[in-house]
Number of protein chains: 2
Amino acid sequence: MPMPLPTFDDVLAAAARIAPHAHATPVLRSRALDALAGCQLHFKAEPLQRTGAFKFRGACNAVWALEDAMAARGVVTHSSGNHGAALALAARTRRIACHVVVPEGANAAKLANIVRYGAQLHTCAATIAARETTAAQVQADTGATLIHPYTHPHVIAGQGTAALELLNAQGPLDVVVAPVGGGGLLAGTAIAAAATAPGCRIVGAEPEGADDTARSLAAGERRIDFVPDTVCDGLRGTLGEPNFELLRAHRVEVVTVPDAGTLDAMRLLWQCLKLLVEPSSAVALAAILQQRERFAGQRIGVVLSGGNVDLDALPWERAA
Amino acid sequence: MPMPLPTFDDVLAAAARIAPHAHATPVLRSRALDALAGCQLHFKAEPLQRTGAFKFRGACNAVWALEDAMAARGVVTHSSGNHGAALALAARTRRIACHVVVPEGANAAKLANIVRYGAQLHTCAATIAARETTAAQVQADTGATLIHPYTHPHVIAGQGTAALELLNAQGPLDVVVAPVGGGGLLAGTAIAAAATAPGCRIVGAEPEGADDTARSLAAGERRIDFVPDTVCDGLRGTLGEPNFELLRAHRVEVVTVPDAGTLDAMRLLWQCLKLLVEPSSAVALAAILQQRERFAGQRIGVVLSGGNVDLDALPWERAA
């Protein structure tokens, strides 16, 4: 049973719902980056969000939107990354159980983080089938509600609150650029921008090695049969069905970026903003630097999505 | 001719003078770091200051405090680090000349930064004698005013504005911790805290490999004959004479920290605050983590002084 697509009213409801729990993150500027890019850049600093990523917005909205009786049975998801940690903390803010299905061999530091926020881990084989079977079993055993990382309408609406805050704080923008993996952030951004800034273009920034969104929008139908190959570990997911519908409806553009450009952009962001952003965020600045003429002289909002970097494996060393 | 020691009125005047040019930087919190340290930490985020360090405050105050006739002849200093860049930008805000004396072989990236802000470089041999001769020659040739990196009273007063903002924003604090190299930031911090928060203790954090301040305060006289050996490149300077007088007058305490502790603290700050801090800033958190019982349960302000990290030479790799 497909859930209804989220609307701008859902984004506004999300903003009110998460306000007691989530940070209204600052917008950062850099004269040096403006000069380099030839435009005015307004960076929404989601690395400063709780759990270090925008994911907390959607997870928090989904958790607090549950009826009490449903909420009492807890929530479950399958994500060893930022969404898993975000859902764990969101559940803790409501004092309900959280189950996270993780594949064998997942990054130990990330798992420790999820456990630190109070979630229960359920390990399964590292296949999609095993993941879905295990999540279904947890649902059957506990009655927990599945909160998908990016197709759940409350998740999409929650992610849209980042762009809502950005546009409210900075006034009219010509463009908002956000990374795209599964499309939760980008779809929420499109909903928020279309309603608050009608002339504003929405641009998704996508790694060349996981360009299913660019290909899907070009083809007019989802093209999701691919093996991701990118340093952007947060953008390896497959474009979701409702996400695809929303991006198409809002005429979202997509720029694809090679990892080398993303890593250069990440260094620039570290140096100029003093903000630790992860590669999956830097792809947005990389898209702008790669297509300067497309953005020249404009007022551009950039959603820097997260800052959970593995300092023991800095990507530019791996890339070297 | 010794200049008078700066007072709290000078800090207030500095705050007004630099307000049009400097950022009022945010104060960051981290539940994870509070839990780890066993106290309440309020981090003043000077990496987000212009030029990436608190140094801009003092330089800006010194530049704008000059009479017009003096200002017209420009300013000069000898510092290839954060103060050089800060003075260059401060001079540019007043559209006056800035001369920076730098030793042969100084870091090219830092020099490029100083030039980018519009200063003129004067290269000399890498000795203190050559540096002072060259600076004196520039003064003789141009009439420029020498702005010492940390003994100049307007520099000390300007640095005090960081703690002033911190205490104004966060209310009463039990302790304020700041790094100490030459003592400009720590002396300014002591002046600001003594006046606005009378019960507040002032603690300097100093690398073990450059512990002249700890030794000087213990001895009751300056002990500055040492060869610095620390990864904290901003803290290798020698405690200044007025700085020593001010620290002694305000009964400032000092905690010395091994570089290993500083590098651990830097990683924690990157991970938990998502803020790129340099080792010379992280020493302050390291001091707190090293002496937990001394700070347990207290409300502590921490001045994170700067974020100008050389990403090609990450210190923990050098230390490994």
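1. In this predicted model, the contact between the two chains takes 12 residues from chain B and 12 residues from chain A. On the side of chain B that touches chain A, the residues divide into seven nonpolar, three polar and two charged.

2. The two copies can be related by a simple operation: a rotation of 180° with 0.0 Å of shift along its axis superposes chain B on chain A, with an RMSD of 0.0 Å. That is the relation of a two-fold axis. In chain B, the C-alpha nearest this axis belongs to Leu275(B), which lies 2.4 Å from it. The same surface serves both copies, since 100% of the contact residues of chain B recur in chain A.

3. Turning to the layout of a single chain, the domain assignment of chain A gives domain 1, made of 8-53 + 153-319, and domain 2, which covers 56-146. The C-alpha centres of domain 1 and domain 2 of chain A lie 24 Å apart, and 23 residues of domain 1 of chain A are in contact with 16 residues of domain 2 of chain A.

4. The side of domain 1 of chain A that touches domain 2 of chain A draws at least two residues from each of helix H1 (8-18) and helix H8 (153-170) of chain A. With eight residues, H8(A) gives the most to that side of domain 1. By kind, the residues of the side of domain 1 of chain A that touches domain 2 of chain A divide into eight nonpolar, 11 polar and four charged.

5. Within chain A, four strands form an open sheet in the order E5-E4-E3-E6, and the pairing is parallel. Strand E5 (120-124) and strand E6 (145-146) of chain A stand at the edges, each with a single partner strand, so one side of each is left without a neighbour in the sheet. Strand E3 (residues 75-78) of chain A is joined to E6(A) by two bridges, and these strands run parallel; here Val76(A) stands opposite Leu146(A) in E6(A).

6. A second sheet can be followed in chain B, where six strands form an open sheet in the order E1-E2-E10-E7-E8-E9, with mixed pairing. Its edge strands are strand E1 (27-28) and strand E9 (253-257) of chain B, each of which pairs on one side only. Helix H10 (residues 212-219) of chain B packs on this sheet, touching strand E8 (201-207) and E9 of chain B, and the direction of H10 makes about 140° with that of E9(B). Elsewhere in the sheet, strand E7 (residues 175-179) and strand E10 (residues 299-304) of chain B run parallel and are joined by three bridges, with Val177(B) standing opposite Val302(B) in E10(B).

7. Helix H1 (residues 8-18) of chain B takes part in two helix contacts described here, and the one with helix H3 (residues 55-65) of chain B has axes that come within 9 Å and cross at roughly 85°. That makes H1(B) roughly perpendicular to H3(B). From H1(B), Ala14(B), Arg17(B) and Ile18(B) meet Arg57(B), Cys60(B), Asn61(B), Trp64(B) and Ala65(B) in H3(B), and the residues of this contact divide into five nonpolar, one polar and two charged.

8. H1(B) also packs with helix H8 (residues 153-170) of chain B, at an angle of about 80° and with the axes 8 Å apart. That makes H1(B) roughly perpendicular to H8(B). The contact is made by Asp10(B), Val11(B), Ala14(B), Ala15(B) and Ile18(B) of H1(B), together with Pro153(B), Ala157(B), Gly158(B), Gly160(B), Thr161(B) and Leu164(B) of H8(B). These residues divide into seven nonpolar, three polar and one charged.

9. In chain A, the axes of helix H12 (residues 259-273) and helix H13 (residues 279-290) come within 7 Å and cross at roughly 100°. That makes H12(A) roughly perpendicular to H13(A). Residues of H12(A) in this contact include Gly261(A), Leu263(A), Met266(A) and Leu269(A), while those of H13(A) include Pro279(A), Val283(A), Leu285(A) and Leu289(A). The residues of the contact of H12(A) with H13(A) divide into 11 nonpolar, three polar and one charged.

Technical notes
Residues numbered from 1 in each chain as written. Chains lettered and ligands numbered in written order. Predicted model: local features only at pLDDT ≥ 70, side-chain atom pairs only at ≥ 80, totals over all residues. Pairing = 2+ DSSP bridges. Contact = placed C-beta atoms within 7 Å. Axes fitted to C-alpha atoms, helices over the stretch in contact; angles between N-to-C directions. Least-squares fit on C-alpha atoms with pLDDT ≥ 70 in both. Domains from an automatic or database assignment. Nonpolar A, V, L, I, M, F, W, Y, C, P; charged D, E, K, R; others polar. Parallel < 35°, antiparallel > 145°, perpendicular 65-115°, else oblique.
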